[in-house]
Amino acid sequence: MTAAPEVTAATATEEPVPIEARGRGAATHWPRLVALGVLVTGAGFAAWKLPLEQLPTWVDQLGPAAPAVAVLVCAVLLCALVPRTAISLGCGALFGAVGGAVWSLTAALLAATVTYAAGRWAGRDFVAAHAGHRLARLDRWLARRGLLAVIVVRLQPIAPFGLVGYAYGTSSVRFRHYLLGTALGGLPSSFSYATIGAAAIAPHSLSWLTFIPAATGILISAAAALHWRHQSRSTARPATA
């Protein structure tokens, strides 16, 4: 008969927790999933009803408070699965290239925090209870690569920004890796799209420099893919004496 492993404060709070080790009581999380779905649907309906043609007038009326209000509104829209490209373009048109990039990225980080927390609250245990072998393996892969994996995912427009945040909330990826990776991965496209949005108001501001951040993002993604491919081959290669 073996002794039970000692449980310490360090082991009790250690993260990330493998997805296979979670999932107890997942049935109790159905109400949370339903509540989250209702909230996202309601925010999406509000976004659909938003009178976009009045936004420039509202910005003028709000004065110095306009950026703060815009950040909050854009964060809600991102949580409602509105594409971040549209948000960055709109911020660029309203606040200029630099201001639009800064405020759209700020809204993205706020939305990233909210969606990660919501995904963890509503879906982490539920996903763990229903996770198959492939999902568990993907979860381990993301947790091992941490920051770089988040950067590459955020550089690619593979899914709505908010949806990626909800998905990461159900994973074992640490929050600090997720948030920093979101900031670094979202930086190039924020400046590129905000500059394009500003060019809709002032066409002379658009130049070839606009596309440098986006090109940088592509290069980072390609370099990361090559690194992981080389790493996978090295791991799969049998050890020699």
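Contact here means heavy atoms within 4.5 Å. Helices (H or I, at least four residues) and strands (E, at least two) are DSSP runs, numbered from the N terminus. The model is predicted, so to speak on paper only: local features need pLDDT of at least 70, side-chain atom pairs count only at pLDDT 80 or more, and totals for chains, interfaces and linings use all residues. Residues are numbered from 1 along each chain as its sequence is written, and side-chain values use heavy atoms, with hydrogens and water left out.

**Exercise 1.** Work out which residues join α6 to α8, and how the two helices cross.

*Solution.* Start with the axes, which are lines fitted to C-alpha atoms, for helices over the stretch in contact, with angles from 0 to 180 degrees between N-to-C directions. Those of α6 and α8 (residues 175-201) come within 7 Å and cross at roughly 35°. Next, the hand: α6 passes α8 in a right-handed crossing (the near helix is turned clockwise from the far one by less than a right angle). Now list the residues. From α6 come G146, L147, V150, I151, R154 and L155, and they meet H177, Y178, L180, G181, T182, L184, G185, G186 and P188 in α8. Finally, sort them: eight are nonpolar, six polar and one charged. (Ala, Val, Leu, Ile, Met, Phe, Trp, Tyr, Cys and Pro count as nonpolar, Asp, Glu, Lys and Arg as charged, and the others, Gly among them, as polar.)

**Exercise 2.** Find how α6 runs relative to α7, and what makes the contact.

*Solution.* The axes of α6 (residues 133-155) and α7 (residues 161-169) come within 13 Å and cross at roughly 175°. That makes the pair roughly antiparallel (the cut-off is over 145 degrees). On the α6 side, L142, A149, V150, V153 and R154 take part; on the α7 side, F161, V164, G165 and Y168 do. The classes come out as seven nonpolar, one polar and one charged.

**Exercise 3.** Which residues touch the most other members of the largest nonpolar core, and which helix gives the most to this core?

*Solution.* A nonpolar core is a set of buried Ala, Val, Leu, Ile, Met, Phe, Trp, Tyr and Cys residues joined through side-chain atoms within 4.5 Å, where buried is under 20% relative accessible area (1.4 Å probe, protein chains only). This core has 29 residues, and I87, Y168 and Y178 touch the most other members. Then the helices: α2, α4, α5, α6 and α7 each supply at least two residues, and α5 gives the most, with nine. Zoom in on I87: leaving aside neighbours within four places in sequence, I87 is in contact with C74, L77, L78 and V82.

Methods:
Parallel < 35°, antiparallel > 145°, perpendicular 65-115°, else oblique. Buried < 20%, exposed > 50% of the residue type's maximum accessible area, 1.4 Å probe, protein only.
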